[in-house]
Amino acid sequence: MSIDKLEITELLYRYAELIDAGDFDGVGRLLARSTFGGAASGSVSGAENIAKLFAMTTRRYPDHGNTPRTRHLVLNPIVELGGDGTAETRSTFCVVQDTETVPIQPIVVGRYYDAFGRDDDGWYFTERKVEIQMIGDVSAHLMVDPRQYDK
């Protein structure tokens, strides 16, 4: 794997790590130069707006380090380098959660479609699109019902 592909793949994993840590400001900083959203839900941009979106929609559990008690698994990343300081990726995600009310189980599966740019500081997200493909009990994870965007 080339160093560029490795660096881009690490950005995918960093996103998952930050969400699972409940560090929504960190997610905002990671995606600061991008747009974030889904086809039906619309998108937001800017570090503060992205952090605010996560804070408004994702439950955190103060008695567990203020985390969402999840593990976002990023699987099968395919990285396509553009050759001009750009790249695109496709990957699968599976979110697993375990709380007092929800025993450990997958709660949502879908795809990430990402675009990246590169400058003197390295690779960065320019776009993240989320496509939910399978959904289970997200009531202990989200404060909104993502099914509302299926309409």
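Thr89 touches a good spread of residues once sequence neighbours up to four places away are left out: Ile8, Leu12, Ile78, Val79, Tyr112, Tyr113, Asp114 and Phe116. Thr89 itself is part of strand β4, residues 86–97. Its relative accessibility in this predicted model is 2%, and because the cut-off for buried is under 20%, Thr89 counts as buried.

**The sheet**

Zooming out from Thr89, there are 6 strands in an open sheet with mixed pairing, and the order reads β2-β1-β6-β5-β4-β3. β2 (42–45) and β3 are the edge strands, each pairing on one side only. From one strand to the next, the twist averages 20°.

How many bridges hold β3 and β4 together, and in which sense do the strands pair? There are 10, and the pairing is antiparallel. Ile78, one of the residues that Thr89 touches, stands opposite Arg90 in β4. The hairpin of β3 and β4 has 4 residues between the strands, and Gly83 there takes a positive phi near 80°.

Further along the sheet, β5 and β6 (residues 122–135) also run antiparallel, joined by 12 bridges. Arg111 has Glu131 in β6 as its bridge partner.

As a general point, side chains in a regular strand alternate between the two faces of the sheet.

**Helices against the sheet**

Two helices are worth a look here. α1 lies across β1, β3, β4, β5 and β6, and runs at about 160° to β3. α3 lies across β1 and β2, with an angle of about 125° to β2.

**Salt bridges**

The count of salt bridges comes to 8. Here are some of the pairs, with the N to O distance for each:

| Pair | Closest N and O atoms |
|---|---|
| Arg33 and Asp119 | 2.9 Å |
| Arg69 and Glu100 | 2.8 Å |
| Glu80 and Arg90 | 3.2 Å |

Start with the salt bridge between Arg33 and Asp119. Arg33 is in the loop between α2 (24–30) and β1 (35–38), while Asp119 is in strand β5 (residues 105–119), so the pair ties together parts 86 residues apart in sequence. Arg33 is partly exposed at a relative accessible area of 46%, and Asp119 is partly exposed as well, at 27%.

Next come Arg69 and Glu100, whose side chains meet in a salt bridge. This pair links distant parts of the chain, 31 residues apart: Arg69 is in the loop between α3 (47–57) and β3 (70–81), and Glu100 is in the loop between β4 and β5. Are the two partners buried or exposed? Arg69 is buried, with a relative accessible area of 16%, whereas Glu100 is exposed, at 61%.

Then there is the salt bridge between Glu80 and Arg90. Glu80 lies in strand β3 and Arg90 in strand β4, so this pair ties together parts that are 10 residues apart in sequence. Both ends are partly exposed: Glu80 has 39% relative accessibility, and Arg90 has a relative accessible area of 30%.

Elsewhere, Asp4, Glu7 and Arg118 are linked in a network of salt bridges.

**A nonpolar patch**

Finally, the N-terminal end. Which residues form a nonpolar patch on the surface? Met1, Ile3 and Leu6 do, with about 350 Å² of accessible area together. Met1 sits in the segment before α1 (3–20), and at 77% relative accessibility Met1 counts as exposed.

Terms used:
Residues numbered from 1 in each chain as written. Predicted model: local features only at pLDDT ≥ 70, side-chain atom pairs only at ≥ 80, totals over all residues. Heavy atoms only, no water. Buried < 20%, exposed > 50% of the residue type's maximum accessible area, 1.4 Å probe, protein only. Contact = heavy atoms within 4.5 Å. Patch = residues over 30% accessible without salt bridge, like charges linked within 9 Å, V, L, I, M, F, W, Y side chains within 5 Å. Areas by Shrake-Rupley, 256 points an atom, 1.4 Å probe, with all protein chains shown as cover. Salt bridge = Lys/Arg side-chain N within 4 Å of Asp/Glu carboxyl O. Pairing = 2+ DSSP bridges. Axes fitted to C-alpha atoms, helices over the stretch in contact; angles between N-to-C directions.
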